[in-house]
Amino acid sequence: MPPETRKHEYLYQPCDLVPPVGEKLMAHLFHHPEDANERSITCLRAPKKRKAKLSVCPQQGTSVGWGIHLVEGWVVARVWLLILILFIFGSLAFGICWAALQHDVQTAFAVSAYIVSLGGLVAGTMQAFMA
């Protein structure tokens, strides 16, 4: 969205959402463009220049325009949460099951501790290669 100092140059409906359109509606309109029209909420919330048209700079070939910029990729927080759930709770469940079935608490939680430490190594390796 345009910065506060340049909001008077653009025409749009202000919105508290970032991006100004929900992800499900955006995905629906991406897969079904025939459902979009010029009076939809997406068009009203997208910034448009008031006095001039957005044009391409002849020297650089690009120019700055305000609108919605989609960024694809991993949501790192969700990946970390998945690793936490799988390794921590998975090793705890393994330890409890092994101790109950085999009547050996020491071996059960030794293996569980190994799984948790392996999870830390996997998480650190993922962080090193994703950054």
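# A tour starting from helix 4

Select helix 3 (76-102): this element is part of what covers the buried residues of helix 4. The model is predicted, so read each stop below as a description of that model.

Next, pick out the buried residues of helix 4 themselves. They are Ala108, Ser112, Gly119 and Ala123.

Now select the whole of helix 4, residues 105-130. How far apart are its end C-alpha atoms? They are 37 Å apart, which agrees with the 38 Å that its 26 residues should span, because each residue is taken to add 1.5 Å.

Then colour two stretches taken from a record. An unreviewed UniProt entry lists residues 79-101 and 107-129 under "transmembrane region". In the model, residues 79-101 are 100% helix and 0% strand, with end C-alpha atoms 32 Å apart. Residues 107-129 are also 100% helix and 0% strand, and here the end C-alpha atoms lie 33 Å apart.

Zoom out to the chain and colour by secondary structure. The view should show 4 helices and 2 strands. Followed from the N terminus, the order of these elements is β-α-α-β-α-α.

Switch to a surface display. The chain exposes about 10,700 Å², and carbon and sulfur atoms supply 65% of that area. Of the 131 residues, 15% count as buried.

Last, show contacts across the chain. Taking those between residues at least 6 apart in sequence, 58% join residues at least 24 apart.

Technical notes: Residues are numbered from 1 along each chain as its sequence is written. This is a predicted model: local features need pLDDT of at least 70, side-chain atom pairs count only at pLDDT 80 or more; totals for chains, interfaces and linings use all residues. Side-chain values use heavy atoms; hydrogens and water are left out. Buried means under 20% relative accessible area, exposed over 50%, partly exposed in between (1.4 Å probe, protein chains only). Contact means heavy atoms within 4.5 Å. Accessible areas come from the Shrake-Rupley method with a 1.4 Å probe; for residues, only the protein chains shown count as cover. The expected span of a helix is 1.5 Å times one less than its number of residues. UniProt positions are given in the numbering used here, feature names are shortened, and annotations may be inferred rather than shown by experiment.
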